[in-house]
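Here are a few exercises to work through with the viewer open. Try each task yourself before you read its solution.

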Amino acid sequence: MEVFREPRVTLIARPEFLEPAHLPVQWKGEASGGERLAEFAGRVCYMSQRNPANRTTAEYLENIKKQGHGSVLEHAVYVLLLEGISRSCSHELVRHRAGFGYSQLSQRYVDESHAAFVMPPAIQGDAGLEAEWQQQVTAAQESYVRSVAGLMERYAWIEDKVHRRKVAREAARSVLPNATEVKIVVSGNARAWRTMLELRTGEGAELEIRRVAVAALRVLQTTAPAFFSDFEIYAADDKHDAARVAYHKV
Ligand SMILES: Cc1cc2nc3c(=O)[nH]c(=O)nc-3n(C[C@H](O)[C@H](O)[C@H](O)COP(=O)(O)OP(=O)(O)OC[C@H]3O[C@@H](n4cnc5c(N)ncnc54)[C@H](O)[C@@H]3O)c2cc1C
């Protein structure tokens, strides 16, 4: 059985900015497509394409965050593939509604007989707790396999095999634990990501989603630093990473 001890976060899409030839901006400094897009949108509000304050994109967006003019950040959408996160973690994640879109592995369609599981950070490193956890998830998965077989037999009268499998799997999945691994594609605009990251990288967040959020923050800071540079990652007293943000809910 595969056990995840940390999430896998992969950036799978980011904005490409196509500058209109009739409204060119006097850019300063290097920037990614998403950052240019947000600056362009902000400059349309005041028709300041000439860049009178002679700001780099990073300086311009710093001021946007400071002023709370965060709506221009909504144009830039970043898509992450999250793997190695638990079903309970994804349930917390999808509570973030504004500016987000999700596509999550379906336990009704996908055979979970060989599903992986995610070990909670708080259990890792304690041999006794790990063994107890491993025993429980193994037993649950064995029960799932038996349930699917039994349900396939019970509903043998359903001729369409795909439908029969779905009927079996959607009922059998009820015995799978919260620790079952899911894969989920998450689209979010930069403003929405900031709000989610502020809540979920904080020390009050549950440890697994906090770990996912810190990993997502690292990816986003690399791809679009001007949107996320005011987040500071630090090692908290509980020995897990957390982050604090300079500009609250832009
Ligand atoms: C530490 C922690 C503990 C939690 N514990 C629980 C718990 O015990 N039980 C539980 O059910 N949930 C819990 N949650 C989830 C929490 O209640 C939120 O559902 C989650 O954090 C998403 O936040 P949000 O609604 O601000 O996000 P989004 O839905 O993405 O909204 C972003 C922002 O948009 C605005 N907005 C969105 N929708 C509306 C609306 N309908 N009306 C007005 N403004 C809106 C708000 O300003 C909101 O903050 C917890 C979250 C955290 C971080």
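## Exercise 1: The ligand shell

In this predicted model, the ligand is surrounded by Arg95, His96, Arg97, Ala98, Leu199, Arg200, Gly204 and Lys249.

**Task.** Sort the shell around the ligand by residue class, then find polar side-chain contacts to ligand oxygen atoms, starting from Arg97.

**Solution.**
1. Sorting by class gives four charged, two polar and two nonpolar residues.
2. For the contacts, use a cut-off of 3.5 Å between N or O atoms.
3. Arg97 places a polar side-chain atom 2.7 Å from an oxygen of the ligand.
4. The side chain of Lys249 also has an N or O atom 2.7 Å from a ligand oxygen.
5. For Arg95, the distance from a side-chain N or O atom to an oxygen of the ligand is 2.8 Å.
6. Now look at the cover: on its own the ligand has 940 Å² of accessible area, and the protein covers 45% of that.

## Exercise 2: The largest pocket

**Task.** Describe the largest pocket and say which helix gives the most to its lining.

**Solution.**
1. Start with volume: the largest pocket holds about 240 Å³ of space.
2. Its lining is made of 15 residues, with Ala98, Arg191, Ala192, Thr195 and Lys249 nearest the centre.
3. Helix H6 (residues 190-200) contributes the most, namely five residues.
4. By class, the lining has six nonpolar, five charged and four polar residues.

## Exercise 3: A salt bridge

**Task.** Find the partner of Arg5 in a salt bridge and locate both residues along the chain.

**Solution.**
1. The structure has 14 salt bridges.
2. In one of them, Arg5 pairs with Glu130, and their closest N and O atoms are 2.8 Å apart.
3. Arg5 sits in the loop between strand S1 (3-4) and strand S2 (8-13), while Glu130 belongs to helix H4 (residues 127-154).
4. The pair thus links distant parts of the chain, 125 residues apart.

Terms used: Residues are numbered from 1 along each chain as its sequence is written. This is a predicted model: local features need pLDDT of at least 70, side-chain atom pairs count only at pLDDT 80 or more; totals for chains, interfaces and linings use all residues. Side-chain values use heavy atoms; hydrogens and water are left out. A residue is near a molecule or strand if one of its heavy atoms lies within 4 Å of it. A polar contact is a pair of N or O atoms within 3.5 Å; within protein, one must be able to donate a hydrogen and the other to accept it, and residues adjacent in sequence count only if both atoms are side-chain atoms. Accessible areas come from the Shrake-Rupley method with a 1.4 Å probe; for residues, only the protein chains shown count as cover. Ala, Val, Leu, Ile, Met, Phe, Trp, Tyr, Cys and Pro count as nonpolar, Asp, Glu, Lys and Arg as charged, and the others, Gly among them, as polar. On a 1 Å grid over the protein atoms alone, a cavity is a set of points where a 1.4 Å probe fits but cannot get out, and a pocket is an open set with protein on both sides within 12 Å along at least five of seven lines; lining residues have an atom within 4 Å of a point. Grid points are joined across faces, edges and corners, and a volume is the space filled by probe spheres set on the points. Helices (H or I, at least four residues) and strands (E, at least two) are DSSP runs, numbered from the N terminus. A salt bridge is a side-chain nitrogen of Lys or Arg within 4 Å of a carboxyl oxygen of Asp or Glu.
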